[in-house]
Structure formats: C-alpha cells, structure tokens
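Reader: Please take me through one part of this model in detail. I would like the loop region first, then its surroundings, then the chain as a whole.

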Amino acid sequence: MADEKPSYEAAREELVDVVRRLEAGGTTLEESLALWERGEHLAKVCQDWLDGARKRFDETIAKDDA
C-alpha cells in the first residue's frame, strides 16, 4: 500500500538504489528531479525510524535508572 511507511531496511535499500541511479547519470532532468525528491523522502523516513529507535532506547534506559 502506497501510504504505508516502509520499514527502515526497505527505505534504506531503496535510497541506496536512488543514489546509485543518480550517480550513474544518464537520466533526464525530470527523472533526476523525481529521483532526488524520492531520495529526500526516503532519507526522512530513515531518519524518522532512527529518531524513534533512539527515543525508545532513551526511555528504556531512563526506566532502568529509575
């Protein structure tokens, strides 16, 4: 489903592919812009996952210290 947030691993894998395609060149300006936008979205998804994991980790540590 298009609206579902991909897993961290899936988003990272797709982001790696996007970067590889951009670095390889050979795409039109329009395709490159679409890839760039997709890459920005995927980078945000990955960062959101990492931020969430960090928050959960910090909460767990705080509970253990209490």
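Author: What follows starts at the loop and works outward to the whole chain.

The model is predicted. Begin with Thr27. This residue sits in the loop between α1 (8-24) and α2 (29-65). Is Thr27 buried or exposed? The answer lies in between: its relative accessible area is 28%. Buried would require a value under 20%, and exposed one over 50%. Thr27 therefore counts as partly exposed.

Next, the contacts. Set aside the neighbours within four places in sequence, and Thr27 is in contact with Ser32 and Leu35. The link to Ser32 can be described further. The side chains of Thr27 and Ser32 are joined by a polar contact of 2.6 Å. Ser32 itself belongs to helix α2. The polar contact thus runs from a loop residue to a residue of helix α2.

Now look from the side of Ser32. Which residues does Ser32 touch, not counting those up to four places away in sequence? They are Leu22 and Thr27. Leu22 and Ser32 lie 10 residues apart in sequence. In space, their C-alpha atoms are 6.6 Å apart. Leu22 falls within the span of α1 (8-24). Ser32 is in helix α2.

Stay in helix α2 for one more residue. Leu33 is placed there too. Its relative accessible area is 47%, and Leu33 is partly exposed. From Leu33 to Val45 is 12 residues in sequence. The C-alpha to C-alpha distance of Leu33 and Val45 is 18 Å. A longer step starts from the loop. Thr27 and Arg54 are 27 residues apart along the chain. Their C-alpha atoms are separated by 37 Å.

Finally, the whole chain. How many helices and strands does the protein chain have? There are 2 helices and 0 strands. The radius of gyration is 16 Å, well over the 11 Å that the globule rule gives for 66 residues, so the chain is more spread out than a compact globule. Along its principal axes, the C-alpha trace spans about 55 × 25 × 15 Å. Of the 66 residues, 11% count as buried. The accessible surface comes to about 5,600 Å². Carbon and sulfur atoms account for 54% of that surface. Charges complete the picture. The protein chain has 10 positive and 17 negative charges. The mean positions of these two sets are 4 Å apart.

Terms used: Residues numbered from 1 in each chain as written. Predicted model: local features only at pLDDT ≥ 70, side-chain atom pairs only at ≥ 80, totals over all residues. Heavy atoms only, no water. Helix = DSSP H or I, 4+ residues; strand = E, 2+ residues; numbered from the N terminus. Rg over C-alpha atoms; globule rule 2.2 N^0.38 Å. Buried < 20%, exposed > 50% of the residue type's maximum accessible area, 1.4 Å probe, protein only. Areas by Shrake-Rupley, 256 points an atom, 1.4 Å probe, with all protein chains shown as cover. Lys, Arg positive; Asp, Glu negative; His and termini not counted. Charge placed at Lys NZ, Arg CZ, Asp CG, Glu CD. Contact = heavy atoms within 4.5 Å. Polar contact = N/O pair within 3.5 Å; in protein donor to acceptor, adjacent residues only side chain to side chain.
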